[in-house]
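Student: I'd like a close look at one spot in this structure, and then at how the rest is built.

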Amino acid sequence: MTPAVTYEHIKTCKQTGARLGIVHTPHGSFETPAFMPVGTQATVKTMSPEELKAMNAGIILSNTYHLWLRPGNDVIKEAGGLHKFMNWDRPILTDSGGFQVFSLSEFRNIKEEGVHFRNHMNGDKLFLSPEKAMHIQNDLGSDIMMAFDECPPFPATHEYMKSSVERTSRWAERCLKAHQRPQDQGLFGIIQGGEFEDLRKQSAQDLVSLDFPGYAIGGLSVGEPKDVMNRALEFTTPLMPADKPRYLMGVGSPDSLIDGAIRGIDMFDCVLPTRIARNGTLMTSTGRLNIKNAAFKRDFGPIDDKCDCYTCKNYSRAYVHHLIRADETFGIRLTSYHNLQFLLNLMGQVRQAIREDRLGDFREEFFEAYGFNKP
Ligand SMILES: CNc1nc2cc3c(=O)[nH]c(N)nc3c(CC[C@H]3O[C@@H](OC)[C@H](OC)[C@@H]3OC)c2[nH]1
Ligand SMILES: [Zn+2]
């Protein structure tokens, strides 16, 4: 039986380890390397599905933990699933909720059967397990589901990380057993192990032997230095099957996207673009700027003269400056639109650089212009 989610390798960049590919899912295909906008509560904040399509978003994310608590996976199932509920007919990936349990809630207690914790909104006692996380994602009907895992904090001792990796591998097997609809929904295993090469290897071997249709690298972008992340990628991606998608969870700054692609990553997600947009911080081809800055009060040029997005084509820095200062909702729509388009455009440039076998050169040009090379 053909798995619900498959990877088509197009080519590998001759100058770096980056690869160009296509991920095929029941709701369509998307090119990789891909940035995936995050829509935690069944919406990419302030953006409509039509606007997301206009900016060429191939796939979006939503979150098991949040949708389980509100409005409830039963409500979304009754609505006909998440695609119908949020009027998005392209691919959707849902996280398993493992991360949110560890990052959002107090009083969590990790046991073999699952995690006991409190609802971060009202303090109610809750329990999430591999079986429960699979049941919720089956109700949501996402095209790509994530296994229920523990994302340990950084730093963690080797001893703690080893026991966590072994439990996450046992949980991964339970997720596979609990999967109701493998022909309709792909399930990705999440490789853990932190900064420890031996544990990353153990986690990868455990999960690859379970033959998931795709794999994520978890446990990163949790406060570790960039060089720790890059080193972990260098010894983890070679352990992952070349014929399946590789997803680096929670990574989205422009430099990390480029450096992750160079190390063989195909899929990225991050709340950064919409989160920083809400306080007026914008990513541009010459680095970040905060539009609230007084310098922009009378600046009637576009946010970024190299950007072709709706915001840059129709509005000035002065206008967006005014809206954000006046706390006008349209202002964060314009800043969110631009930041999402910026990262989606960046991944388009990365894919083109791979086609031309020059992603290393592109990295230098982008880093120089954006100011990443500044000491
Ligand atoms: C920011 N750094 C970061 N490192 C992460 C590591 C892990 C991990 O090891 N395991 C799991 N299961 N999830 C992780 C996640 C959460 C991503 C989700 O969290 C939500 O964004 C915050 C979003 O939900 C729509 C996204 O969906 C995939 C991470 N995020
Ligand atoms: Zn723009």
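Student: Where is the place of Q100?

Tutor: Q100 has its place in helix α5, residues 98-104. Before going on, a word on ground rules: this is a predicted model, in which local features need pLDDT of at least 70 and side-chain atom pairs count only at pLDDT 80 or more, while totals for chains, interfaces and linings use all residues. Residues are numbered from 1 along each chain as its sequence is written, chains are lettered from A and ligands numbered from 1 in the order in which they are written, and side-chain values use heavy atoms, with hydrogens and water left out. Helices (H or I, at least four residues) and strands (E, at least two) are DSSP runs, numbered from the N terminus.

Back to Q100. With 10% relative accessibility, Q100 counts as buried; buried means under 20% relative accessible area, exposed over 50%, and partly exposed in between (1.4 Å probe, protein chains only). Leaving out residues up to four places away in sequence, Q100 touches N63, Y65, H66, D95 and S105, where contact means heavy atoms within 4.5 Å. Q100 and H120 are 20 residues apart along the chain, and their C-alpha atoms are separated by 9.6 Å.

Now zoom out to the sheet. Eight strands form an open sheet with parallel pairing, in the order β4-β14-β13-β12-β11-β10-β6-β5; two strands pair if DSSP finds at least two bridges between them. β4 (34-37) and β5 (60-63) stand at the edges with a single partner strand each, so one side of each has no neighbour in the sheet. From one strand to the next, the twist averages 25 degrees. For such angles, axes are lines fitted to C-alpha atoms (for helices, over the stretch in contact), and values run from 0 to 180 degrees between N-to-C directions.

Take the two edges in turn. β5 is joined in parallel by four bridges to β6, residues 92-95, with I92 as the bridge partner of I60. At the other edge, β4 pairs with β14 (residues 267-270) in the parallel sense, again over four bridges, and A34 stands opposite M267. Edge strand or not, β4 is covered on both faces: A34 and M36 on one side, F35 and P37 on the other, are all buried. Just ahead of β4, P33 is found in the loop that follows β3 (28-32), and the peptide bond from T32 to P33 is cis, with omega near 5 degrees.

In the middle of things sits β12, residues 214-217, and both of its faces are covered too: G214 and A216 on one side, Y215 and I217 on the other, are all buried. Four bridges join β12 to the parallel strand β11, residues 186-191, and three join β12 to the parallel strand β13, residues 246-248. I217 is a handy landmark, being the bridge partner of I191 and also having L248 as its partner in β13. Helix α8 (residues 197-208) links up with β11 and β12 as a right-handed β-α-β unit, and helix α9 (residues 226-236) does likewise with β12 and β13. Right-handed here means that, with the strands pointing away from the viewer, the path from the first strand over the helix to the second runs clockwise.

Helix α10 (residues 254-262) is another part worth a look: nine of its nine residues are buried, so the helix is largely enclosed by the rest of the structure. Its cover includes β4, α9, β14, β15 (281-284), α14 (329-355) and α15 (359-370). Just after α10, G264 takes a positive phi of about 95 degrees.

Finally, the metal. The zinc ion (ligand 2) is coordinated by C307 (SG), C309 (SG), C312 (SG) and H338 (ND1), at 2.1 to 2.3 Å. Donors are N, O and S atoms within 2.8 Å of the metal (3.2 Å for Na, K and Ca), and water is not among the atoms, so sites may look incomplete. The donor residues are spaced C-x1-C-x2-C-x25-H in sequence. The angles between the four donor atoms are 103 to 117 degrees, which makes the arrangement tetrahedral, meaning that all angles between the four donors lie between 85 and 135 degrees. The ideal angle for four tetrahedral donors is 109.5 degrees. Of the donor residues, C307 counts as buried at 11% relative accessibility, and C312 does at 9%.

Key:
Tetrahedral: all angles 85-135°; square planar, octahedral: opposite > 155°, others 65-115°.
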